[in-house]
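I am opening a notebook on this structure, and I want to record what I look up in the order in which I look it up.

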Amino acid sequence: MPPARERRHRKGDPNLAALLGWILPGAGHIYLGRVGFGLLGFLIVEGAFYLGLHLNGGMTFEYLDHELRSAFATALSPEAGNLGAFVYQMKTYGFGPDFRRPWPEYMELGVLLTSLSGVANMLLAVHAHLAARSQDEDFAPALRRPALAVAFTWLVPGLGHVYQGRRLRGASVFVALVGLFVLGTWLAEASNLSRERHFYYWAGQYLLGAPAIAAELLFGDTPVDHAIPFAEPGLVFGCIAGLLNVLAMIDVFAFGEAESFGLPHKTLCPEPEPQAETAT
Amino acid sequence: MNDLGVHLLLFLVASAVIVLMGAFYSEAADGKAFRAFPRRLLVFLAGCAVLVAVVLVCEHTFAAL
């Protein structure tokens, strides 16, 4: 008879767990025997997606200009992080009819929710991958760290570093990335905050998390009724800030992974002091 | 300030952020990352200058063909 911990959490292939989770939220955890966590993840991620879909009427991809529409044109959008739901949306709604139609009243809120479900599902898949690599049940408390640190970093750049106790780095990342985003938004006179106007740049910017979402909610409706001299640099700055936050997410993940699994990491392993003489 | 000057200044700002994040990504210790920043920024800017020169030479050589 297997020990209790083996009965409770069956171990599996980490890549398969992450892949299953990407296709169907929570499926990776269910595959690992973490049924409750998997079902909770499924309800939250899919709930956000279908609420968003209900609010925006499945019209998200009608933001794309006609000449840009193709089979893989929407792959560079946050919704692709929830692959099953993304494919469902593409199959059911696609790019809509050939003519322009008015957006639903809560279009932007719906779009934010479907995007959020994609990012949340990616974080869930990261967690499933880590869960599959954990060797025993006692590891579970530490297991939260890397995935949670990544989630914090997406939400507020630098927050994951602060969560890990790396305050100087966290503050530097926050100032650099949020500063770049604010400068970009100022240069573009908030014209960068519209997914309808800049579908792909918006996707990059969305990786900055709460600052980008808050700015869009506050200033996203700013009308563009004149030529903006530095609209393009501003747009690029916002997008770069979001993309660079991916580096910050990888950084906190690597640190948390090394800390949790006892892997070698330059920060965790102090440099050996030079030894004057060799021990006999 | 003219447009070129503003664009150069904006490029310098974006470069600084890119290089800082690159330094954090490759150097796990904060002190090493900050110390490596000036040299990395110079290398990045020099690389970009070389790229600009190559693009301008290509433009002058091939654009009229």
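I began with how the two domains of chain A meet, and I found that 16 residues of domain 1 of chain A are in contact with 15 residues of domain 2 of chain A, where contact means that the C-beta atoms of two residues, placed from the backbone, lie within 7 Å. On the side of domain 1 of chain A that touches domain 2 of chain A, I noted eleven nonpolar, three polar and two charged residues; here Ala, Val, Leu, Ile, Met, Phe, Trp, Tyr, Cys and Pro count as nonpolar, Asp, Glu, Lys and Arg as charged, and the others, Gly among them, as polar. The assignment places domain 1 at 1-133 and domain 2 at 139-263 of chain A, with bounds that come from an automatic or database domain assignment, and the C-alpha centres of the two lie 20 Å apart.

A note on reading these entries: this is a predicted model, in which local features need pLDDT of at least 70 and side-chain atom pairs count only at pLDDT 80 or more, while totals for chains, interfaces and linings use all residues. Residues are numbered from 1 along each chain as its sequence is written, and chains are lettered from A and ligands numbered from 1 in the order in which they are written.

I then checked the confidence values. The predictor gives the complex an ipTM of 0.88 and a pTM of 0.85. For chain B the mean pLDDT (the predictor's confidence in each residue, from 0 to 100) is 90, and 94% of its residues reach 70 or more.

Next I looked at the contact between the chains, which takes twelve residues from chain B and 18 residues from chain A. Helix H1 (residues 3-26) of chain B supplies the largest share of the chain B side, nine residues; helices are DSSP runs of H or I with at least four residues, numbered from the N terminus. By class, that side of chain B has eleven nonpolar, no polar and one charged residues.

I turned to the interior and found that the largest nonpolar core has 74 residues, with Leu123(A), Val150(A), Leu177(A) and Leu180(A) having the most contacts inside it. Such a core is a set of buried Ala, Val, Leu, Ile, Met, Phe, Trp, Tyr and Cys residues joined through C-beta atoms within 7 Å, and a residue is buried if 20 or more other C-beta atoms lie within 10 Å of its own, exposed if 12 or fewer, and partly exposed in between. The largest share of this core, 16 residues, comes from H6(A), and the core draws at least three residues from each of the two domains of chain A.

In helix H4 (residues 35-56) of chain A, I noted several buried residues, including Gly38(A), Val45(A) and Phe49(A). Their cover includes helices H3 (27-31), H5 (83-92) and H6 (107-133) of chain A. Just after H4(A), Gly57(A) takes a positive phi of about 65°.

Last, I followed the loop between helix H9 (167-187) and helix H10 (199-205) of chain A, where Glu189(A) is found. Glu189(A) has a positive phi of about 50° although it is not a glycine, and with 17 C-beta neighbours inside 10 Å it counts as partly exposed. Ala190(A), in the loop between H9 and H10 of chain A, has a positive phi near 65° but is buried, with 20 other C-beta atoms within 10 Å.

Note on methods:
Helices (H or I, at least four residues) and strands (E, at least two) are DSSP runs, numbered from the N terminus.
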